[in-house]
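Please look through the sequence and the model below before reading on. The paragraphs that follow lead from one place in the chain to another.

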Amino acid sequence: MGSAFVYAAARTPFGRFNGALADVRPDDLAATALRGVLAKLPGLDPAEIGDVVWGNANGAGEDNRNVGRMAVLLAGLPVTVPATTVNRLCGSSLDAAMIGSRTVESGDADVVVTGGVESMTRAPWVLPKPSRAFPAGDVTAVSTTLGWRLVNPRMPKEWTISLGEANELLQERFGISRERQDAFAARSHVLADAAWHDGFYDDLVVPVEGAALTRDEGIRPGTTPEILAGLKPAFRPGGTITAGNASPLNDGASAVVLGSEAAAGRIGADPIARVAGRAACALEPQMFGYAPVEAANQALRRAGIGWDDVGAVELNEAFAVQSLACLDAWKVDPEIVNTRGGAIAIGHPLGASGGRVLGTLAHVLRERRRRWGVAAICIGVGQGLAVVLENVGAA
């Protein structure tokens, strides 16, 4: 089997909930990311794309009916380009990239475009169908924006607690202080703001037509631990998790072009990085924030390297506490983690975040001239994913 390589990555700016991208349909966001990443490879004939694998977590509204295929059609690609949509909640677009890399490695396709999208703003309310016609009582509309909905009563209650409460339990287990969480969150904003000022995202972020948004909407440049310390706990009285040290609700899309080494001539560009290892891990649903730990460890073993070899880590910051729990477990130098900001500042549009961390990692490895990097993400209901990249320019 051959190897799969990253050739290009792109994403939209990430908008805040009910913010600058609120009027943009998720299928249009997906098409924007798809067009944007292909624009970086003008030598690639879109008809050469063997498959499009797209991530999406909610899929209950305008992103229904296979939003990956909708993106292909709306982006103006040939109708002969197939597409599928995968749902592994927060990890959907990283899962898409993992699936796409296997497709390339197996020889089933030489070029695969992967990505993901989420409009948490436009996620609809849903009503379960009644068991009989014309019920006399009231019915409740359920939000599909985030978290559990229409829960099966057979599920143990400890599995179906809120995401925030699950992370308060994680805080209790590992004793990660509010001060550490706030400091980590403030760092995310400072680094993300600096990355935009440095022009790091100029090559990664593509504009959304009709939206007046030139950079990620959630970044607050003046954020300090002292400011965050003034926020009230969001999930339990006396808790440690606040709106400031957790990722917000967001809208956005991301895309990554993967291909074989032999496809470089048809793509018209040299690859950026090689997919060297990948893994999925699962544990108790309420421990989802800790699931990236073993996923990354497994991915490193499959790549044949260890943490001492890793020069850059992109870990999706769903919550500061779960990020710190993972870093502590890995015993990794925090200074190599999310050096260009993370989801607490940039945002976490569920289905798009995996593609964002993977594309960012490829560019950070090139910027820092490091050979090996890890992209990892936690996933609701107790899962985690990780991918190891090798910077081919540093091999």
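Ala97 lies in helix α3, which covers residues 92-106, and in this predicted model Ala97 counts as buried, at 5% relative accessibility. Once its neighbours within four places in sequence are left aside, Ala97 is in contact with Thr114, Leu258 and Leu358. One of these partners, Leu258, stands 161 residues away from Ala97 along the chain, yet the C-alpha atoms of Ala97 and Leu258 are separated by 7.9 Å.

Another of the partners of Ala97 is Thr114, a residue found in strand β5, which runs over residues 111-119. Thr114 is buried as well, with a relative accessible area of 1%. Not counting residues up to four places away in sequence, Thr114 touches Val53 and Trp54, then Ala96, Ala97 and Gly100, and also Ser254, Ala255, Val256 and Leu258. Leu258 is thus listed among the contacts of Ala97 and also among those of Thr114.

The wider divisions of the chain come from a record. UniProt, in an unreviewed entry, places the feature "domain: Thiolase N-terminal" at residues 6-261, and in the model this span is 29% helix and 16% strand, with its end C-alpha atoms lying 10 Å apart. The feature "domain: Thiolase C-terminal", again from an unreviewed UniProt entry, is placed at residues 271-390; this span is 36% helix and 27% strand, and its end C-alpha atoms lie 11 Å apart.

How many disulfides does a search of the whole structure find? The search finds zero. A disulfide is a covalent bond between the sulfur atoms of two cysteines, and a pair counts here when the sulfur atoms are within 2.5 Å. The sulfur of Cys90 has its closest cysteine sulfur in Cys378, but because the distance is 6.1 Å, the two are too far for a bond. Seen from the other side, Cys378 is in no disulfide, and its nearest cysteine sulfur is that of Cys90. Cys90 is buried, with a relative accessible area of 13%, and Cys378 is also buried, with a relative accessible area of 1%.

Turning to the surface, which residues make a nonpolar patch of about 240 Å²? This patch is made by Val151, Met155 and Trp159. Met155 lies in the loop between β7 (142-143) and α4 (163-174), and Met155 is partly exposed, with a relative accessible area of 33%.

The last stop concerns the backbone. Most residues other than glycine have a negative phi, and most peptide bonds are trans. Against that background, Lys331 has a positive phi of about 55 degrees although it is not a glycine. Lys331 is found in the loop between α9 (320-330) and α10 (343-346), where Lys331 is exposed, with a relative accessible area of 75%. Arg369, which is not a glycine either, likewise has a positive phi of about 55 degrees. The loop that holds Arg369 runs between α11 (353-368) and β11 (372-379), and at 73% relative accessibility Arg369 counts as exposed.

Key: Residues numbered from 1 in each chain as written. Predicted model: local features only at pLDDT ≥ 70, side-chain atom pairs only at ≥ 80, totals over all residues. Heavy atoms only, no water. Patch = residues over 30% accessible without salt bridge, like charges linked within 9 Å, V, L, I, M, F, W, Y side chains within 5 Å. Areas by Shrake-Rupley, 256 points an atom, 1.4 Å probe, with all protein chains shown as cover. Salt bridge = Lys/Arg side-chain N within 4 Å of Asp/Glu carboxyl O. Helix = DSSP H or I, 4+ residues; strand = E, 2+ residues; numbered from the N terminus. Buried < 20%, exposed > 50% of the residue type's maximum accessible area, 1.4 Å probe, protein only. UniProt positions renumbered as here; feature names shortened; annotations may be inferred. Contact = heavy atoms within 4.5 Å.
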